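Reader: Hello! I'd love a close look at one part of this protein, the place where its aromatic rings come together. Could you walk me through it?

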Amino acid sequence: MRFVTGFNKLVLRLRASRRWGGAVRKRITIVTYTGRRSGRTFTAPVGYVRTGDTVVIKVMMPDRKSWWRNFTGDGGHLLLELDGANRPGHATARRAAKGPVEVTVHLDDAQH
């Protein structure tokens, strides 16, 4: 767990840096969501690919992570930091037969 915390801090510093921030922000965003069971708010950096108002997050090593499980079934709401602003959206997680997980986020139109 300490490794993950340290890695996340490094990614956040890179996103904020003048030199590397622009390039890093094109591939890494910050996701903020409320846990289904705990009701607590969580924030974490994640890799993403954006096409218009759809963002796809490929969850690496999904069996070692639990955050994406908040978006199974009907999914749930979250915030993504994109273009310098927090964008609300609705996310759904899908697990392929062989194990990979993708979280698809449809951004709300209200922020355009």
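To get my bearings, how many helices and strands does the secondary structure come to? And then the part I am after: which residues do ring pairs link into a cluster?

Author: Happy to! This is a predicted model, in which local features need pLDDT of at least 70 and side-chain atom pairs count only at pLDDT 80 or more, while totals for chains, interfaces and linings use all residues. Residues are numbered from 1 along each chain as its sequence is written, and side-chain values use heavy atoms, with hydrogens and water left out.

The secondary structure comes to two helices and seven strands; these are DSSP runs, numbered from the N terminus, with helices (H or I) of at least four residues and strands (E) of at least two. Read from the N terminus, the order is α-α-β-β-β-β-β-β-β. Of the 112 residues, 34% are buried, where buried means under 20% relative accessible area, exposed over 50% and partly exposed in between, with a 1.4 Å probe and protein chains only.

Now to your rings. The cluster linked by ring pairs consists of Y33, F42, W67 and F71. Rings of Phe, Tyr and Trp (its six-membered ring) pair if their centres lie within 6.5 Å; planes under 30 degrees apart are stacked, over 60 edge-to-face, and the rest tilted. The whole structure holds four aromatic pairs. One of them joins Y33 and W67, with centres 6.3 Å apart and planes at 40°, so this pair is tilted. It bridges distant parts of the chain, as Y33 sits in strand β1 and W67 in the loop between β4 and β5, 34 residues apart. Y33 also pairs with F71, this time edge-to-face, at 5.7 Å centre to centre and 70° between the planes. Here the partners are 38 residues apart, with F71 in the loop between β4 and β5. Three members of the cluster are buried: Y33 has 8% relative accessibility, W67 has 13% and F71 has 1%.

W67 deserves a second look. Leaving aside neighbours within four places in sequence, W67 is in contact (heavy atoms within 4.5 Å) with Y33, V46, I57, V59 and V103. W67 also belongs to the largest nonpolar core, a set of buried Ala, Val, Leu, Ile, Met, Phe, Trp, Tyr and Cys residues joined through side-chain atoms within 4.5 Å. Among the 19 residues of this core, W67 is one of those touching the most other members, together with V55, I57, L78, L80, V103 and V105. Two or more core residues come from each of β1 (28-34), β4 (54-59), β5 (76-82), β6 (85-95) and β7 (101-107), and β7 gives the largest share, four residues. In soluble globular proteins, nonpolar side chains tend to be buried together.

Beside Y33 in the sequence comes T32, also found in strand β1. T32 touches T41, F42, T43, L78 and L79, not counting residues up to four places away in sequence. With T43, the side chain of T32 makes a side-chain polar contact at 3.4 Å. Such a contact is a pair of N or O atoms within 3.5 Å, where one must be able to donate a hydrogen and the other to accept it, and residues adjacent in sequence count only if both atoms are side-chain atoms.

Lastly, the loop that carries W67 and F71 also holds M61. M61 has a positive phi of about 50° although it is not a glycine, and it is exposed at 54% relative accessible area.
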